[in-house]
There are 2 protein chains.
Amino acid sequence: MPELRKCPVSERWVVLSTERSKRPTDFGGHKEEKDKDTSKCPLCAGHEGMTPPEVLAWRPANSAPNTAGWDVRVIPNKFPALISEGEVNRTGIGIYDMMSGVGAHEVMVETPDHFATMGDMEVSQIEKVLWAYKERITAIESDPRFRYVLVFKNYGKAGGASLNHPHSQLIATPITPRYVKMELQNSRKYFQEKERCLFCDLIRQELGVGDRLVYENEFFVAFTPFASRFPFETWIFPRQHHAQFQEAAEEERMQLAVCLKDVMLRLKNTLSDPPYNYVLHTTPNPVPRPGKPAYWGTLKLDFHWHIEIIPRLTSQAGFEWGSGLYINPMSPEQAAKFLREIM
Amino acid sequence: MPELRKCPVSERWVVLSTERSKRPTDFGGHKEEKDKDTSKCPLCAGHEGMTPPEVLAWRPANSAPNTAGWDVRVIPNKFPALISEGEVNRTGIGIYDMMSGVGAHEVMVETPDHFATMGDMEVSQIEKVLWAYKERITAIESDPRFRYVLVFKNYGKAGGASLNHPHSQLIATPITPRYVKMELQNSRKYFQEKERCLFCDLIRQELGVGDRLVYENEFFVAFTPFASRFPFETWIFPRQHHAQFQEAAEEERMQLAVCLKDVMLRLKNTLSDPPYNYVLHTTPNPVPRPGKPAYWGTLKLDFHWHIEIIPRLTSQAGFEWGSGLYINPMSPEQAAKFLREIM
């Protein structure tokens, strides 16, 4: 019998219709052609001249910027969705509202190795990628024009990646994105009512029940969410209450790297290297106040940062676009079982 | 310069980043392999035995159900996402809410002609399809277990269609889908404040400005929305205030068929027969009250039915999934101009 489940974080309902398909191989056939020739890849080491100048890199102290030798490199996107110059002007036209498209759009090159995947990288390399996320979020969040900094990764053609070379992206926007707002509104409401963090309660329940757990270590836990929108959707949370990713210490980032590598390897092995997206949800930026420190309000009580990983195995059609309701053919309990047993 | 625009209906912000691509041919290359052999198509005339028994058909009065001779035929989906038997049981598990997956899932076969497209069909044939929508919504909306009946169409593989034969679908759910709820909440708020329909104001503004208009006739208007999420997204509205599609008279359905055919032909010619989805947004079902007539409340004042057409030309990646913010590389004014000038 199909089931409707509601996500307490987003208040989204999901249709679990698990009669339709059941084994990881039912979602297979995602093997993609990988580049053989890397001579035109603008993200490879030695090709630094093909990109805008770097804004951050992990490289030997005596090496020059925009030369080879880096481990991780961050550059502005050559074709940005939003541009970084100018003020945020808000205007209206009759019934409509608009705003100038000011923002930041950066590319984080995760490794000089064109052929690496996150499941195969060294943990220390992944930690450097996470360090770059932290550095760039911290640098951008204090810009009073921006309300949010979203870090995300597209992997594989069906995941929307236009380049094969391992990379993540960051987009800063003058508004808080709708999904983050939804999560924040619900977790704030929950905190105001119960004086407990919604996410902490959710993590406690997942650790207690256990049938959706994928991985855990001292600091982090990965599980398939109760109301998974997609087959094998997986969320990673710090076990303790932390509102902001960018406040995590190096030791925590190292444990997150261990967790991320493990989960990525499980997904890769279970689903034959599937296309995927992940997104990092941290708090919105503090509200700027001219002449005073930025205002955090109750953000650090209400929110709990996390990473949402979405393998791109199913396509969204008219029903999903028209309703905002997802039909998921794979139960999260079944998906977690496959992911636990693969290794 | 990119622009952020806000949709007054959904309150979604959209990033218009029109530096990235500009001509309809930039989204081309969607030519799909069509079936040549129709012998295995379960929706073709003469194959009625390959489907569950029909629940509605437009056919000669003296013909037997589930035989050839129909113009339009409605059947239960053989692989339904929700099932029609049983009660709606609501339960909770700790922090989580769930509900039994009771619903209806039907397929409307739009024509016996396997190779027809909506742009090429006779207007009278399209009107019969719309008649079938009306009949089925009316039959299902009074079932007290269901809160909504969503009619939608998937066309082309990238549009999520698993069969080539022209067909629409209907899914009835025990909850009002999130997007419909968002639209209703915003239009209700607007009506309470202004005592005017949000959609009527929006239509008036679009007719006045004109640069997003695609088509209009006596009863209907088609335009690309101000905050289009997707290139060539097009909405169709009745010009006069009508909350419910299913209340439209035959003459209005005929005019809608003329409008739909025209818009579909424009999209087909401009974008080389693109994959697409459309959805019909009518009011949620009235609230059942045992022993009394169902309760409509202010639904018929607040809402204004419409059809949203989404050509599937761009793919959604990590940013969209993680933020709920869409990046659209084509301005609606430019898209409308292409659609106006094609014919």
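Which residue takes a positive phi just after H3(B)? The legends below, which describe close-up views of a predicted model, begin with the helix that comes before this residue.

**View 1. Helix H3 of chain B and the residue that follows.** Helix H3 of chain B comprises the 12 residues 198-209, and because each residue should add 1.5 Å, the expected span is 16 Å, which agrees with the 17 Å that separates its end C-alpha atoms. Just after H3(B) comes Gly210(B), the residue asked about above, with a positive phi of about 85°.

**View 2. The buried side of H3(B).** Leu198(B), Phe199(B), Leu202(B), Ile203(B) and Glu206(B) are the buried residues here, and they lie on the same side of H3(B) because the arc they cover around the axis is only 130°. An α-helix has 3.6 residues a turn, so residues three or four places apart point the same way. Among the elements of chain B that cover these buried residues are helix H2 (178-194), strand E10 (213-216) and strand E16 (306-311).

**View 3. Val263 in the largest nonpolar core.** This core holds 190 residues, of which Val263(A) and Val263(B) touch the most other members. When neighbours within four places in sequence are left aside, Val263(A) is in contact with Val214(A), Tyr215(A), Ala222(A), Thr234(A), Ile236(A) and Ile309(A).

**View 4. The contact between chain A and chain B.** Each chain takes part in the contact, with 57 residues from chain A and 57 residues from chain B; on the side of chain A that touches chain B, 32 residues are nonpolar, 15 polar and 10 charged. Strand E1 (residues 3-6) of chain A runs antiparallel to strand E6 (residues 96-100) of chain B, and four bridges join the two, with Asp97(B) in E6(B) as the bridge partner of Lys6(A).

Notes. Residues are numbered from 1 along each chain as its sequence is written. Chains are lettered from A and ligands numbered from 1 in the order in which they are written. This is a predicted model: local features need pLDDT of at least 70, side-chain atom pairs count only at pLDDT 80 or more; totals for chains, interfaces and linings use all residues. Two residues are in contact if their C-beta atoms, placed from the backbone, lie within 7 Å. Ala, Val, Leu, Ile, Met, Phe, Trp, Tyr, Cys and Pro count as nonpolar, Asp, Glu, Lys and Arg as charged, and the others, Gly among them, as polar. Two strands pair if DSSP finds at least two bridges between them. The expected span of a helix is 1.5 Å times one less than its number of residues. A residue is buried if 20 or more other C-beta atoms lie within 10 Å of its own, exposed if 12 or fewer, and partly exposed in between; C-beta atoms are placed from the backbone. The arc is that of the directions from the helix axis to the C-beta atoms. A nonpolar core is a set of buried Ala, Val, Leu, Ile, Met, Phe, Trp, Tyr and Cys residues joined through C-beta atoms within 7 Å.
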